[in-house]
Amino acid sequence: MHCVTMGVRGLKTYIESRNKNALRSLAFRDKKLIIDGCNLLYTMYFDYNLDEMHGGDYDAFEELITEFFKNLTACDIHPYVVFDGAADHTGKKWETIRQRKQDKINAALAVSEGKKEKVLPILIGNVFRQLLHKLKIPLVQCIEEADWEIAALAEEWNCPVLSNDSDFYIFNLKAGFLPITHFQWQTVKQDRRTNKKFIQVKHFTVRKFCESFKMNTNLLPVFASILGNDYVKLQNIRCMNWAEHSVTDKPHIHIDGLLNWLSQFPGPEVAVSALLKTMSENDKAITIEALSKGIQEYKLFPGYLAKYFQLKMIPPITCKRLLQVLPQRTLMLILEGKMNSSIIDAVMNQRVLITSQVEDFQLPCSSVISRPIRQVIYGLLLLGEQRSTGTSKCYVEEYFRQQTKLSSQKVEGLQTMDGLQLKTLLEEPLSVRLQVLLDTLGVSSEMLRGIQPDLHLQIFVTRYWLVNAQPQPSQMHLWGLLLGMVYGKFSNTLKGQIDMLLGPKKLQTAGRRIDLEHETAHLYSQWQSCLKWSLSLNSLLCFPVSEPEIASLYSGTWLHQVVRELRRGRPLDSLLERGSSAERLFKQLKDVVESLVGENFIKRMRTGLGQRTVGNTHRDYNGHNQPIDELSSYFEHLMYEYDYEDDDDLNENLGKSKAKYHPDISCTIRTRHKSKARNANHPSKKYERSCFD
């Protein structure tokens, strides 16, 4: 999911600083509302100060979004959420996208150094879309960028758009535009006369705005194109000094001046003609082309979203390559928001932009660990097409950080067992699709026995992470991660019960700032990257294993604090209530992970107690041998005290998962293919050798 927009810089601030005629108060209720999904996600995450430094607080975000849509329902507001798809397959915005990618690397670096910046957690889009499905909110992920389709749908349905993107100040929508900044969703009010609930908003229409300048509404796209957006760049053209036409001394006088200058013309053609007269002959041709493209971006006619929402129809797709490569079933999963939009980028552009995370910038990019998973994805997507053209290899250009700079590398797609192709793969039995996932993550089919289906993906990812992460995770990092999964499970299903994780709950609500431990941040960034791309592969294979609830797997602030406490010697007894369901689940997760990597592997892992993190020292650590002894003793207690087969309470609780158990999986998986986990050529082995030798 790409949250890149083509807004006009400074326009939002200018409109908000003008008189009340630009934004008018409105009691909003009982209407359809088209929501810019990427913009809402971005605004909500940062406006409510959710965690950026520790990899994201997904549970807190989920609570916030749930409350948001609950309040919309209370006011009979019917939301439709629209997300961006591929990042500019036309190439018109590529330089802008590259620059923004570098800006995001810079922002992540700044946050890792304790500075204030804006960095979205890597899995936040997955969490948001997963929650919308859970709440049964209609949503669509566009094949390409969403701004125009959002505006076209709003115009067709005669309902407003909710966003903070300044482009919606330019689209001439009959029902107008509601800036998220002024959408007072947290305070639901009630009409005393009708007793009906509503949300107080600020409402903008192009018609009212242009009336204040006595300007033709068709001139606004000319205005946006002259100022420049992500598609149109006229900064190097010697234009007029717009500030001299301004009648105000407020900020952005160049915006005010350009609007006043344009208001003297009856329409776009006359205005453009007047502008060209001020330019040299060399600049005229470039300007005409740029302005015509820019103006075209804001012309509205019916799009495909109405039919999609009403009939669940796959829209006409202009990119023939996409239709040749992706089966209808895969295209539908993309539209439903159940598949990463990077799949579209890989097919349409043969390039993928890797999300920047807060990590240790002295180490290789945390996404390198998940590259073998992506290579399988690329192979499934592109190798079938390559064979039809007589070639046997395919490559995707990955853009990621190298140190602190944006870099790129051609990454080869890998062939799956027997050379399976995406279009034929979906016709294969579940066991074959599952085997592709298992081979990629280095798990043999025999390892499935005894693992509950709803734990499969998160445990397989954790196993892959333990084997391939650099630096190697300590026991503290593994126990902390498993404790986080336990906490997420029980905080959702047993809220308020006394045998919950009492200690971690107190930790989370303590509210004190936690300094970043760079090693911990880097390791958990690697785990999140592995999970993100495993989710993508799982969806591409049409879900051979059930998708876990992501928000319950990782709560960054809490998790970092748990690791910090464990490292300083806090005993596990204080974090897990003895005899509780939470303790029994922790033991189950621990046993499963140990069965996948081997008891000796766990024993060889460093404990992490009292160790210094990369770039960080613990001045307040008071190292003793006693905590290590307590830890060993506690795990010995866990190992022998409980028998899970007879634990009806726990099994009943875990059985509430939506996962569908496939009885044939553990018994009928094809074993004629040698598991790549036992092969020296397995992608994860290549990764180990090539990146960290």
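Axes here are lines fitted to C-alpha atoms, for helices over the stretch in contact, and angles run from 0 to 180 degrees between N-to-C directions. The model is predicted.

**Figure 1. Helix H19 crosses helix H22.** H19 covers residues 456–468 and H22 covers residues 518–540. Their axes come within 9 Å. The crossing angle is roughly 130°. Angles over 145 degrees would count as roughly antiparallel, and 65 to 115 as roughly perpendicular. H19 and H22 are therefore oblique to each other. Their crossing is right-handed. From H19, the contact draws on Leu457, Val461, Thr462, Tyr464 and Trp465. From H22, it draws on Leu523, Tyr524, Gln526, Trp527, Cys530, Leu531, Ser534, Leu535 and Asn538. By class, the contact of H19 with H22 holds 10 nonpolar and 4 polar residues. Charged residues are absent from the contact of H19 with H22.

**Figure 2. Helix H19 also packs against helix H24.** H24 spans residues 581–597. The axes of H19 and H24 come within 10 Å and cross at roughly 50°. Angles under 35 degrees count as roughly parallel, and 65 to 115 as roughly perpendicular. H19 and H24 are therefore oblique to each other. H19 passes H24 in a right-handed crossing. On the H19 side, the contact residues are Ile459, Phe460, Thr462, Arg463, Leu466 and Val467. They meet Leu589, Val592, Val593, Leu596 and Val597 in H24. The contact of H19 with H24 divides into 9 nonpolar residues, 1 polar and 1 charged. Thr462 of H19 takes part here, and Thr462 also belongs to the contact with H22.

**Figure 3. A cis peptide bond joins Gln470 and Pro471**. Omega at this bond is about 0°. Most peptide bonds are trans. Pro471 lies in the loop between H19 and helix H20. H20 covers residues 475–493.

**Figure 4. Helix H8 packs on helix H11.** H11 runs over residues 281–296. The H8 and H11 axes are 8 Å apart, at an angle of about 130°. H8 and H11 are therefore oblique to each other. The crossing of H8 past H11 is right-handed. H8 contributes Pro221, Val222, Ser225 and Ile226 to the contact. H11 contributes Leu291, Gly294 and Ile295. The contact of H8 with H11 has 5 nonpolar and 2 polar residues, and no charged ones.

**Figure 5. Lys214 sits in a loop with a positive phi**. The loop runs between helix H7 (206–211) and helix H8 (220–227). Phi of Lys214 is about 55°, although Lys214 is not a glycine. Most residues other than glycine have a negative phi. Lys214 counts as exposed because its relative accessibility is 74%. The cut-off for exposed is over 50%.

**Figure 6. Gln403 shows a positive phi between two strands**. Gln403 is placed in the loop between E10 and strand E11. E11 covers residues 405–412. Phi of Gln403 is near 60°, a positive value in a residue other than glycine. With a relative accessible area of 47%, Gln403 is partly exposed.

**Figure 7. Lys393 lies in a loop ahead of strand E10**. Helix H16 (371–388) and strand E10 (395–402) flank this loop. Lys393 has a relative accessible area of 45% and is therefore partly exposed. Gln415 is 22 residues away from Lys393 along the chain. Their C-alpha atoms are separated by 9.1 Å.

**Figure 8. Cys38 and Cys159 are buried**. Cys38 has 3% relative accessibility. Cys159 likewise has 3% relative accessibility. Buried means under 20%, so both cysteines qualify. A disulfide is a covalent bond between the sulfur atoms of two cysteines. The count for this model comes to 0 disulfides, with sulfur atoms within 2.5 Å as the rule.

**Figure 9. The whole chain sets the context for the close-ups.** The chain has 29 helices and 11 strands. Of its 693 residues, 60% count as buried. Among contacts in the chain with a separation of 6 or more, 78% involve residues 24 or more positions apart.

How values were computed. Residues numbered from 1 in each chain as written. Predicted model: local features only at pLDDT ≥ 70, side-chain atom pairs only at ≥ 80, totals over all residues. Heavy atoms only, no water. Helix = DSSP H or I, 4+ residues; strand = E, 2+ residues; numbered from the N terminus. Left-handed = near helix turned anticlockwise from the far one by under 90°. Contact = heavy atoms within 4.5 Å. Nonpolar A, V, L, I, M, F, W, Y, C, P; charged D, E, K, R; others polar. Buried < 20%, exposed > 50% of the residue type's maximum accessible area, 1.4 Å probe, protein only.
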